[in-house]
Amino acid sequence: MTLWQALVATVGSALRDRGLVIMFVVAVPIYSFFYPLPYSTQSVRNVALLVVDLDASPMSRDIVSRLSAVASVRVGGRASAIDEARGALAGGQIAGIVVVPENFSRDAARGTPTAVTVFGTGAYPVQDKAVLGSVGAVVQGVAGEVTDARLARQGTPAAALLQSERAGPAFIDQPLYNLARGYGSYVVAAVSILIVQQVMLMAIASLVGTWVEGRTGTLFGPQAVGPGTLLGTIAGFALFVFLGLLYFIGFAFWFQDYPRGGNFAGAVAFAALTALTVASLGIALGAWFANRERAFQVLLATSVPFLFMGGIVFPREAMPVPINALAMLVPTTPGIFGFVKLNQMGATWSEIRPEFLNMTGLLLLYGGAAWWAVRVRRRQATE
Amino acid sequence: MATTGLRAVLARELQYLGGQPWDLALLLWFPVATLVLLLWMFSSGIPTGLPIAVVDQDHSSGSRELVRRLASMRGLAVRAQPPSLEAARSVVRSGAVYGIVHIPANWERDQLRHAPQPVVLYDNAQFSLVAGIIGGDVRAAVTSMAVERLVASEARFGGGFAQAAMRLNGVQADLRTLFNPSLSYEAYFAGMLLPVALHLFCVIAAVSALGREFRDRSVDAWLASAGGGLPRALAGKLAPVGMVYLLLSLGIVATFAGWRGWAPAGSLVLWMMAIAVLMIVSVTIAIMLVGLTLNLRRALSLTGFYVATGLAFSGFSYPRAAMGEVAQWWGGLLPYTHYLPVQQGQWLGGASAGTWAHGMVPLLAFIAVPLLVGLPLLARAVRQPARWGAR
C-alpha cells in the first residue's frame, strides 16, 4: 500500500465506522460549545455576601450601598452577629461576611484606628480572591475620603489635597495578554487543546483497536505493512486532529470571542506537528490496547491529570521535577503551552522553541512506538 | 459454595478479574496511581519563586531598593533585568518569565516632587493563578515602600512616626480568609480533584463491569449464575467495584485527615458518609448509563460527557453563582456539584450537622433517580438477546 492509498483508506475507515465517526467529526464542535459554558460570563459576579452592621450609621450604610454597586458581589442579606453568618459561610451558602464594627463612624471621624473586616472562605480560593479584592477596594475608597477630611481639618491646603487626589496610583497591574482578565479566556485556551487531544486519541485508538480485533484496516489487514503504509495511516488520522485544532484556533475562539490570532501562521504549522504526534500516539495506544472499548476506559480519566500537568493552571515551578519530566511525554504539555503562546500571546516561532523541540521529540518517539507496536501485534496475529 | 446466587455471581466476577489483568488494572491500579500522582503534583502547597523580569529605567537608589524588595518576596524570583520593555516582552512570550515590573525613568525624582509615576506590573492573565500570586506580591513590595514614604511625610504634622502611621491607617480593610487561611493549593486542588477523580474512575469501572456482559453477549450466563434475579445479579456483579471504591474513598479521607494532618473542622464521620454515598451514586449512575445505551462504548462516551466534564460545572474554581443559567442548571444535574459543598463544609468549614443533612438530600436523590431510570431498562434488555452485542 502506498502512502496515499493508506491515507485514503484510513480516512474512509474512520468515516465508515458508525460508532466512531461521531468522535472523529462532531465531538470536537459539541465540546467546543459545551465545555466553555460555565466560563462564558468571564469574570466572577453575583457571589453572595452577608453584612453584619454593628454600627448602623450613615457611614456603614454608605459602605453597604457601595458594595451593592460592585458587580462581582451581591449583598445577600444581613445578620445580627458574626456567629450567625459563619455557619452559612462554612456550608457554602454565602461567599463572604462583611463586618462593620461598633462605633465605626465615630472612630473614623475621631481618627481612632478602626477596620471593616471581611471574611472570605479558603474552601473556594477563586471566589475568596474576588470577595476580598472587591470589598477591600470599596473600604479603601471610604478610607481615602476619611483621610482627606482629616487632612483638611489639620490645615493641609486645599490645593495640596487636590494635587494628591489627582495623583495617579503608585502601582498599576496591567495584563499583557488576556486583556480582560477573562476566566474563560484563560481556561478555554488551554482546555480546547486538551479536548482535541483526548477526543482524537480515543477515536484513533478505538478504531485501531477495532482493526486489531477484526484483522483489518490499513495496518492489520492481510497485506504487507511498510513504512509508507504507516506514514499514510498516521497522515490520515492526523488530518482529523488537524481539522479539530484548526476548528478551535480558526473558528471557535473567534465565534466565542476569546483571545486569538496572535501568530496564526505559526499556530497552523504547530497544529500540523501536533496532529501528527497525536495520531502516532493514538495508533501506538490502539495497537497496544487491541480492543475497541479500552481506549475510552483508559483515557477518560486522564484528562484532569493531563490538564494540571500542562502547567497552565498550576505552575511548573511548583510541581515536583519527576512530574514535570513525566508531563513532557504528554502531547498536551508542549501543545497547550505552544498554542497559548502562539494564539493568545503572539509568540514568534523562535519563542516557542522549547515546545517545538518537545513536540518533535514526541513525534519521533510515538512514531517509533507505533511502528514497533504494529509489528509486535502483527507477529502475534500470525503466530 | 452455592452454584447460583449472590455468592456465585461474586465468585464469577472475581474469577473474571483474576484472569484479566487489564480490567483489574482499570479497577484498582490505575486509579491508585492517578490519585498518588495528583496528590504529589500539588505537594508544594503554595507556588514560590515564580520568575519575573524587572525593567529598571530609573537606576536610582530607590529603584534598586524596590528590586531588592521584589526579590525578597516569597512568591517571586527576579529572573531577568532586560534593558527595555520590548526586550522584556520577548522574554515573556518565550515563557521564561510570567510578567514584567517596569520602573519608569525619573521614578524616584518625581516621587520627591509629589508627582509620582506608577510602577507598572505587566502580568500574563493567560496564567490566571500565577498572575494572581505575582500581582499580590509585587503590589505588596511596591506599597511597602510607598507607605514608608507616606508615613515620613505625614510625620511632619507631629507625634512621631508611630502616631503618623496610626493616623494614616485610620480606616482599614481587614481582609481575612477563613477555612484554609493560607490558601494551600494542595488542600484546594488535591482536596477537590481526588474525590472527583475517584468518582469518575468508579463510574468507568462499574460501566465496564456491567457493559461487558452486553458486549460479550454473556448476559444469560451472568443471570444464570445469579439464579435469575436481576437485582441479585447486579448486586453480585457490582459488589467488587463498590467495595474497592468505598475503601479507596475512605483512604482519601484517611490521607487528608491522617497522613497530611488536615483535621476536619466538622465531623470526620459525616465527611466519610458523604464520600461513601458519592461512590454508591457512581455505581447507580453506571447502571443508568448502561441501561440507556446497552453498549459499552456508548456508555463510556456518555460517562465522558456527563461525569468527566462535571468538574467545570461544579463551581470548584469558578463560582456557580457567576455562571450563566444553562451552566447552573446543568451543574445542578451532576452529583459532584452537590457533594463538593458537603465535603468542604465538613472538612474545612466546620458546617453543622443540619447543613450536612440538607446537602445530603440531593446526593441521595442521585441514588434513587438513576436506579428508577436504569433498572426497568436493564430488566427489559436482559430478556431481549437480540439487543446484546452492540459495539
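The questions and answers below concern a predicted model and look at how chain A and chain B meet.

Q: How many residues of chain A are in contact with chain B in this predicted model?
A: Contact here asks for heavy atoms within 4.5 Å. Chain B brings 107 residues to this contact, and chain B and chain A bury about 9,500 Å² between them, 66% of it on carbon and sulfur atoms. On the side of chain A, the number of residues in contact is 108.

Q: How many salt bridges does the rule find across the interface of chain B and chain A?
A: Side chains of opposite charge can pair when their charged atoms come close. One such pair is A:E213 with B:R391, whose side chains meet in a salt bridge at 2.5 Å, N to O. While a search of the whole structure finds 24 salt bridges over all chains, the number found across the interface of chain B and chain A is five.

Q: Which class, nonpolar, polar or charged, has 65 residues on the side of chain B that touches chain A?
A: Across this interface the rule finds 42 residue pairs in polar contact, with both residues at pLDDT 80 or more. By class, the side of chain B that touches chain A has 30 polar and 12 charged residues, and the class with 65 residues is nonpolar.

Q: In which sense, parallel or antiparallel, do strand 5 of chain A and strand 4 of chain B pair?
A: Strand 5 of chain A covers residues 171-177, and strand 4 of chain B covers residues 119-124. Within this pairing, A:Q174 stands opposite B:Y122. The two strands are joined over six bridges, and the sense is parallel.

Q: Why does the pair of A:R181 and B:D123 join two chains?
A: The side chains of A:R181 and B:D123 meet in a salt bridge at 3.1 Å, N to O. A:R181 lies in the loop between strand 5 and helix 8 (183-214) of chain A, whereas B:D123 lies in strand 4 of chain B, so the pair joins two chains.

Q: Is B:D123 buried or exposed?
A: A residue counts as buried when its relative accessible area is under 20%. Its salt-bridge partner A:R181, at 33% relative accessibility, counts as partly exposed. Because B:D123 has a relative accessibility of 1%, B:D123 counts as buried.

Q: Which residue meets B:D216 in a salt bridge?
A: B:D216 counts as partly exposed at 38% relative accessibility. The partner counts as buried at 15% relative accessibility. The two side chains meet at 2.9 Å, N to O, and the partner is B:R215.

Note on methods. Residues numbered from 1 in each chain as written. Chains lettered and ligands numbered in written order. Predicted model: local features only at pLDDT ≥ 70, side-chain atom pairs only at ≥ 80, totals over all residues. Heavy atoms only, no water. Buried area = accessible area lost by both parts, 1.4 Å probe. Salt bridge = Lys/Arg side-chain N within 4 Å of Asp/Glu carboxyl O. Polar contact = N/O pair within 3.5 Å; in protein donor to acceptor, adjacent residues only side chain to side chain. Nonpolar A, V, L, I, M, F, W, Y, C, P; charged D, E, K, R; others polar. Pairing = 2+ DSSP bridges. Helix = DSSP H or I, 4+ residues; strand = E, 2+ residues; numbered from the N terminus. Buried < 20%, exposed > 50% of the residue type's maximum accessible area, 1.4 Å probe, protein only.
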